[in-house]
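User: Hi! I would like to walk through this structure with you, one question at a time. Could you help me read it?

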Amino acid sequence: MRLVSWNVNGIRAVTKKDFFESFERMAPDVLCLQETKAQDDQVLEALTELDPAYKVFSNSAEKKGYSGTAIITRVEPISVTADMGMPEHDTEGRVLCAEFETFYLVTVYTPNSGSELKRLDYRQSWDQDFADYLKTLEQTKPVVVCGDLNVAHQDIDLARPKQNYNKSAGYMQAEIDGFDRLVDLGFVDTYRHFNPDTAKYSWWSYRAGARDKNIGWRIDYFLVTPELTPSLTGAEIYNDVYGSDHCPVGIDISAT
């Protein structure tokens, strides 16, 4: 199976660009989306050009035009569930889980701590509760989690680590600790598994031509529980795909 994740920064905006051409080129079996910024019916409407072999599942925020996740799949899931079952976290459409035969696939749009770090405290409680949610899923079967985790894990994961460490949302130690918690649970960063020393980014600010200059951050991930690691056959960051301030990331994984 080829699994791809993409923060599209607005599904209605990205589908007016080269989304469908990029989709065909990447040829995913499953595409997970974050920041759809649309209600469920609007997500479906935006994706009407998709091959009918694909099914679309969506989780929208209560606030219109904000957040939101979706899963587009041509592999029939056993079930799809939205949210974590925690009222304090379940109003923004940030989590969607598809159960397949051999694993759960969770797509997540992790809350951003904000330019003035106003949501950093909330972010820390989210990180703890999300880790607990994944740990509960893992008791049943292995887990693949993907999406915009809104954190660069290590210095290699952003172009300017010294200027941003403990000053900028996405590279605060508290956020890094949240990622470390997932690593401590055994989750494997698939891109680092194959590319331990490669600096490659998945998000660039729209300011000052950051993408052209490759002044970016790697904040979009695929993580897997350890028992799935032998099934991985590749991991990719699709830097040549445009349409959003993020580019897609993906893995190839044996379904057996």
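User: Thanks! To start with the sheet: in what order do the six strands of the open sheet stand?

Analyst: Happy to help, and please keep in mind that this is a predicted model. The sheet is open and its pairing is mixed. From one strand to the next, the twist averages 15°. The order of the six strands is β3-β4-β2-β1-β14-β13.

User: Which strands stand at the edges of that sheet?

Analyst: An edge strand here has a single partner strand, so one side of it is left without a neighbour in the sheet. Reading the order β3-β4-β2-β1-β14-β13 from its two ends gives the answer. The edge strands are β3 and β13.

User: Let's look at one of those pairs. Which residue of β14 stands opposite isoleucine 237?

Analyst: β13 covers residues 232-237 and β14 covers residues 249-253. These two strands pair in the antiparallel sense, over five bridges. Opposite isoleucine 237, in β14, stands valine 249.

User: Moving to charges, how far apart in sequence are the parts tied together by aspartate 252 and arginine 2?

Analyst: The two residues form a salt bridge, with their closest N and O atoms 2.8 Å apart. Aspartate 252 is partly exposed at a relative accessible area of 23%, and arginine 2 is partly exposed too, at 27%. Aspartate 252 lies in strand β14 and arginine 2 in strand β1, so the pair ties together parts whose separation in sequence is 250 residues.

User: Nice. Which residue forms a salt bridge with lysine 55?

Analyst: Lysine 55 counts as partly exposed, at 40% relative accessibility. In the salt bridge, the closest N and O atoms are 2.9 Å apart. Lysine 55 lies in strand β3 and its partner in the loop between β4 and β5, so the pair ties together parts that are 21 residues apart in sequence. That partner is glutamate 76.

User: And glutamate 92, in its salt bridge with arginine 119: is it buried or exposed?

Analyst: The closest N and O atoms of glutamate 92 and arginine 119 are 2.9 Å apart. The pair links distant parts of the chain, with glutamate 92 in the loop between β5 and β6 and arginine 119 in the loop between β7 and α4. Arginine 119 is partly exposed at 25%. Glutamate 92 has a relative accessibility of 13%, and a value under 20% is the cut-off, so glutamate 92 counts as buried.

User: How many salt bridges are there in total?

Analyst: The pair of aspartate 252 and arginine 2 is one of the salt bridges. There is also a network of salt bridges, which links Asp157, Asp189, Arg192 and Arg218. Overall, the count of salt bridges comes to 14.

User: Now for empty space inside the protein. Which elements give two or more residues to the lining of the largest cavity?

Analyst: The largest cavity has a volume of about 90 Å³. Its lining includes Arg123, Trp126, Asp127 and Phe130, along with Glu175, Gly178, Phe179 and Leu182. By type, the lining residues divide into six nonpolar, two polar and three charged. The elements giving two or more of them are α4 (120-138) and α6 (173-184).

User: How much space lies in the second largest cavity?

Analyst: Among the residues lining this cavity are Asp189, Arg218, Ile237 and Val249. α7, β12, β13 and β14 each supply at least two residues of the lining, which divides into six nonpolar, two polar and four charged residues. The space in the second largest cavity is about 50 Å³.

User: One last topic, the backbone. What is the phi of asparagine 150?

Analyst: Most residues other than glycine have a negative phi. Asparagine 150 lies in the loop between β8 and α5, where it is buried, with a relative accessible area of 8%. Its phi is positive although it is a residue other than glycine, with a value near 55°.

User: And alanine 208, which also has a positive phi: is it buried or exposed?

Analyst: Alanine 208 has a phi of about 55° although it is not a glycine. Alanine 208 is found in the loop between β10 and α8. Its relative accessible area is 61%, and the cut-off is over 50%, so alanine 208 is exposed.

Methods: Residues are numbered from 1 along each chain as its sequence is written. This is a predicted model: local features need pLDDT of at least 70, side-chain atom pairs count only at pLDDT 80 or more; totals for chains, interfaces and linings use all residues. Side-chain values use heavy atoms; hydrogens and water are left out. On a 1 Å grid over the protein atoms alone, a cavity is a set of points where a 1.4 Å probe fits but cannot get out, and a pocket is an open set with protein on both sides within 12 Å along at least five of seven lines; lining residues have an atom within 4 Å of a point. Grid points are joined across faces, edges and corners, and a volume is the space filled by probe spheres set on the points. Helices (H or I, at least four residues) and strands (E, at least two) are DSSP runs, numbered from the N terminus. Ala, Val, Leu, Ile, Met, Phe, Trp, Tyr, Cys and Pro count as nonpolar, Asp, Glu, Lys and Arg as charged, and the others, Gly among them, as polar. A salt bridge is a side-chain nitrogen of Lys or Arg within 4 Å of a carboxyl oxygen of Asp or Glu. Buried means under 20% relative accessible area, exposed over 50%, partly exposed in between (1.4 Å probe, protein chains only). Two strands pair if DSSP finds at least two bridges between them. Axes are lines fitted to C-alpha atoms, for helices over the stretch in contact, and angles run from 0 to 180 degrees between N-to-C directions.
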